[in-house]
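Colleague: I'd like to go through this model with you and ask why you use the words you use. Shall we start with it in view?

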Amino acid sequence: MKKSYKIEVDCANCANKMEEAAKNTAGVKDASVNFMMLKMKVEFEEGQDPDSVMKEVLKKCKKVEDDCEIYL
């Protein structure tokens with residue numbers, strides 16, 4: 001399952017780090033961040049609950065940039 005989320009991030013470098021953090025989260029098959037569009041696309045592994053996985057993604061992204069936001 002693929003979903004798209006609106007994000008709030010201040011710089012392209014941080015967006016790249018958020019993408020890597022999302023990709024390295026359990027339950028995420030693939031992720032991409034488009035800094036210009038302020039969007040994050042996430043493909044979830046089979047049988048995963050997107051809401052609980054995205055809570056973990058947000059925690060990891062907050063470590064990259066503490067004032068970033070992902071609108072679930």
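Modeller: Sure. First a term: two strands pair if DSSP finds at least two bridges between them. Asp30, for one, stands opposite Glu43 in β3. Keep in mind that this is a predicted model.

Colleague: What makes β2 and β3 a pair?

Modeller: The count of bridges: 6 of them join β2 to β3, and the two strands run antiparallel. The cut-off is at least two, so β2 and β3 pair.

Colleague: And how do you know that β1 and β3 pair?

Modeller: By the same test, since β1 and β3 share 5 bridges in the antiparallel sense and the test asks for at least two. Two residues to look up: the bridge partner of Lys6 in β3 is Lys39, and that of Ser4 is Lys41.

Colleague: What is the order of the strands in the sheet, and why are β2 and β4 called edge strands?

Modeller: The order is β2-β3-β1-β4 in an open sheet of 4 strands, with antiparallel pairing. β2 and β4 (69-71) each have a single partner strand, so one side of each is left without a neighbour in the sheet, and that puts them at the edges. Neighbouring strands are turned by 30 degrees against each other on average, ignoring direction.

Colleague: Which strands do the helices touch?

Modeller: α1 packs on the sheet and touches β2, β3 and β4, its direction making about 170 degrees with that of β2. α2 packs on the sheet too, touching β1, β2, β3 and β4, with about 130 degrees between its direction and that of β3.

Colleague: What makes Phe44 buried?

Modeller: Its relative accessible area is 3%, and buried means under 20%, so Phe44 is buried. Phe44 lies in strand β3. Beyond four places in sequence, its contacts include Met1, Tyr5, Pro50, Val53 and Met54. Ala15, 29 residues away along the chain, has its C-alpha atom 19 Å from that of Phe44.

Colleague: How do you know that the side chains along β3 alternate?

Modeller: Follow which face they point to: Met40, Val42 and Phe44 go to one face and are buried, while Lys39, Lys41 and Glu43 go to the other and are not. That fits the rule that in a regular strand side chains alternate between the two faces of the sheet. Val42, on the buried face, has contacts beyond four places in sequence with Tyr5, Val28, Ala31 and Met54, among others.

Colleague: Which residues of the largest nonpolar core touch the most other members?

Modeller: Met18, Met40, Val42, Met54, Val57, Cys61 and Ile70, out of 21 residues. At least two residues of the core come from each of β1 (2-8), α1 (12-23), β2 (28-34), β3 (39-44) and α2 (50-64). In soluble globular proteins, nonpolar side chains tend to be buried together.

Colleague: How do α1 and α2 cross, and which residues make the contact?

Modeller: Their axes come within 9 Å and cross at roughly 145 degrees, and the crossing is right-handed. α1 brings Cys14, Lys17, Met18, Ala21 and Ala22, and α2 brings Val57, Lys60, Cys61 and Val64. By class that is 7 nonpolar, no polar and 2 charged residues.

Colleague: Why is Ala22 called buried?

Modeller: With 0% relative accessibility, Ala22 falls under the 20% limit, so it counts as buried. Ala22 is found in α1, and leaving out neighbours within four places in sequence, it is in contact with Val28, Ala31, Met40 and Val57. The C-alpha atoms of Ala22 and Lys59 are 9.7 Å apart, with those positions 37 residues apart along the chain counted as their separation.

Colleague: Last one. Why is Leu38 called partly exposed?

Modeller: Its relative accessible area is 29%, which is neither under 20% nor over 50%, so Leu38 is partly exposed. Leu38 lies in the loop between β2 and β3, two strands that form a hairpin with 4 residues between them. Its phi is near 55 degrees, a positive value in a residue other than glycine.

Technical notes:
Residues are numbered from 1 along each chain as its sequence is written. This is a predicted model: local features need pLDDT of at least 70, side-chain atom pairs count only at pLDDT 80 or more; totals for chains, interfaces and linings use all residues. Side-chain values use heavy atoms; hydrogens and water are left out. A nonpolar core is a set of buried Ala, Val, Leu, Ile, Met, Phe, Trp, Tyr and Cys residues joined through side-chain atoms within 4.5 Å. Buried means under 20% relative accessible area, exposed over 50%, partly exposed in between (1.4 Å probe, protein chains only). Contact means heavy atoms within 4.5 Å. Axes are lines fitted to C-alpha atoms, for helices over the stretch in contact, and angles run from 0 to 180 degrees between N-to-C directions. A crossing is left-handed if the near helix is turned anticlockwise from the far one by less than a right angle, and right-handed if clockwise. Ala, Val, Leu, Ile, Met, Phe, Trp, Tyr, Cys and Pro count as nonpolar, Asp, Glu, Lys and Arg as charged, and the others, Gly among them, as polar.
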